[in-house]
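Trainee: Hi, got a minute to go through a model with me? I'll bring it up here.

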Protein chains: 2
Amino acid sequence: MGTDDVRDAVLDAARAAFHARGYVRTSMKGVAAAAGVAPEVVNRYWNSKESLFAAAMQLPFDPASAMPQLVAPGLDGMGERLTRATLDLLADEQSRNDFIALFQAGASATKAARGMQDFIERAMVDRLVRTLGVPDARLRVNLIMSYLIGIGTTRYVVRIEPIASMPEDDLVKLVAPTIQNWLDPTKPLQKPKGASGGSKQAKTTEPKPRTDG
Amino acid sequence: MGTDDVRDAVLDAARAAFHARGYVRTSMKGVAAAAGVAPEVVNRYWNSKESLFAAAMQLPFDPASAMPQLVAPGLDGMGERLTRATLDLLADEQSRNDFIALFQAGASATKAARGMQDFIERAMVDRLVRTLGVPDARLRVNLIMSYLIGIGTTRYVVRIEPIASMPEDDLVKLVAPTIQNWLDPTKPLQKPKGASGGSKQAKTTEPKPRTDG
C-alpha cells in the first residue's frame, strides 16, 4: 500500500471502530489490527487517540494540540483565549456546520453521538480539568463549556440580536469576563454541600474566600 | 362550525400564515380573515399573537403568561426563577424534544425557523428587556438566554458530567448566581464603547439605579 492508502485504511478502520464501540472502548492498537498494520504505523500519523478521532471524524480541530496551546500561557487571560478560540472556530461556516451536525447527532443519541460525547468529555473537558489546577475544576469547566455552547447557539442558530451580529471583538469583551471569573480559584462556586463536581479529590476544605471585594 | 372546529380552523390558518410570512408579518386580523371568522373570534381564544403562535406551533409554554409571572416578583431571586423555569421545562421529555426540534429547525434556516427566531426575540427577549428596567437590559438578557441555552444543551444534548446527572436543585444553585449577577444594575457589563446592545433607546442617561438593595 502507498502512504495515502495506509492512512486511508487506518482512518476507515478508526471510523468503523469508533462507530461500533464508541470513543472510550476503542484503542489505537485495535484500530491498527483492524486496518492490518502495525501499531507503530498508526502512531506515526497520530500520536494520540484524540488526534486519530479528530481525523477519522473530520473534526475541524484537534484538541490534543489545541487545548494545551490555550492552557499553556496560564489562567491569566484564559477567559479571553477560550472565548476567542470558540468564536474563531464557529466563524468558519464549514466548522460551524460540522458542530451543528454533531449536536444534532447528540440529540438523537446514536452510537456515533455517544462516541462524540465521550470524546468531548475526555479530550476537552478532562484535559482542561487536569491542567487548570483550581478547586472544583470540573464544575467550572462544565459552566464554561455550557456558556460558550450557549453563546454559539445564540449567535448562529437562534440568532438573537445583538449577539447574532456583534463584531467578534465586542462579543469577546462581553463574554470573557464571566469565564475569567469562573477560572479564578479565589472565587468559590456557590454549590450545594457534597457536590464535589465529580472530582476525585473530595476535599472538605473550601478554597479561601475572595478578598478582592 | 362547532367550537372545536372554529378553534382548529383558526390554528390551521395561523400555522399556515406563520410558515408563509413569518412571525413579525403575521397579524391576528389576517389569521381571522384566512380562517373565515371575525377577529373577535380569534381574540376570544387567544388574547395575543404570542399566545396564538404558541398554540399554533404547539409550544410547551406560552410566554405571554409565563414571562410576566417570572418577572413580577422583582429582580430579587429572578436568577433562580429563570434557571428553575428553564430546567423544569426541559425536564419534561416532550418539551425537551420540542425544543431540540426548534433548534434543529433554526440551524436549517427555513422560513418556519425564521418565524421561531422572531418569536423568541419578540415574545421572550423583548418582553424581558422591557420589564427588567436595568441598563443594557438587552445585552444582559442575551447573556442570560445564551447561558441557559448552553446549560440545557450540556445537560440534555452533549450530556457532560456532572451537569448531565446533577439533581435540579443543585444545578439551580450552581447556575443562578451568575444570572442574578447579570441582573444586578449596579454591576456594569464590560462592553466596548458604543455597544448599546441594539436598544432603540440610545439614551446617554442611565436608568435610575435600584433602591431595593
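**A helix and a pocket**

Trainee: What phi does B:Gly36 take, just after α2(B)?
Mentor: B:Gly36, just after α2(B), has a positive phi of about 75°. Keep in mind that this is a predicted model, where local features need pLDDT of at least 70, side-chain atom pairs count only at pLDDT 80 or more, and totals for chains, interfaces and linings use all residues. Residues are numbered from 1 along each chain as its sequence is written, chains are lettered from A and ligands numbered from 1 in the order in which they are written, and side-chain values use heavy atoms, with hydrogens and water left out.

Trainee: And which residues are buried in α2 of chain B?
Mentor: In that helix, residues 28-35, the buried ones are B:Met28, B:Val31, B:Ala32 and B:Ala35. Buried means under 20% relative accessible area, exposed over 50%, partly exposed in between (1.4 Å probe, protein chains only). Helices here are DSSP runs (H or I, at least four residues), numbered from the N terminus.

Trainee: Why do they line one face?
Mentor: Looking down the axis of α2(B), the buried residues fall within an arc of 100°, so they line one face of the helix. The arc is taken from the directions from the helix axis to the C-beta atoms.

Trainee: What's exposed on the other side of α2(B)?
Mentor: B:Lys29, B:Ala33 and B:Ala34 are exposed there.

Trainee: What covers the buried residues of α2(B)?
Mentor: The cover includes α1 (3-21), α3 (39-45) and α4 (49-56) of chain B, with contact meaning heavy atoms within 4.5 Å.

How values were computed. Helices (H or I, at least four residues) and strands (E, at least two) are DSSP runs, numbered from the N terminus.
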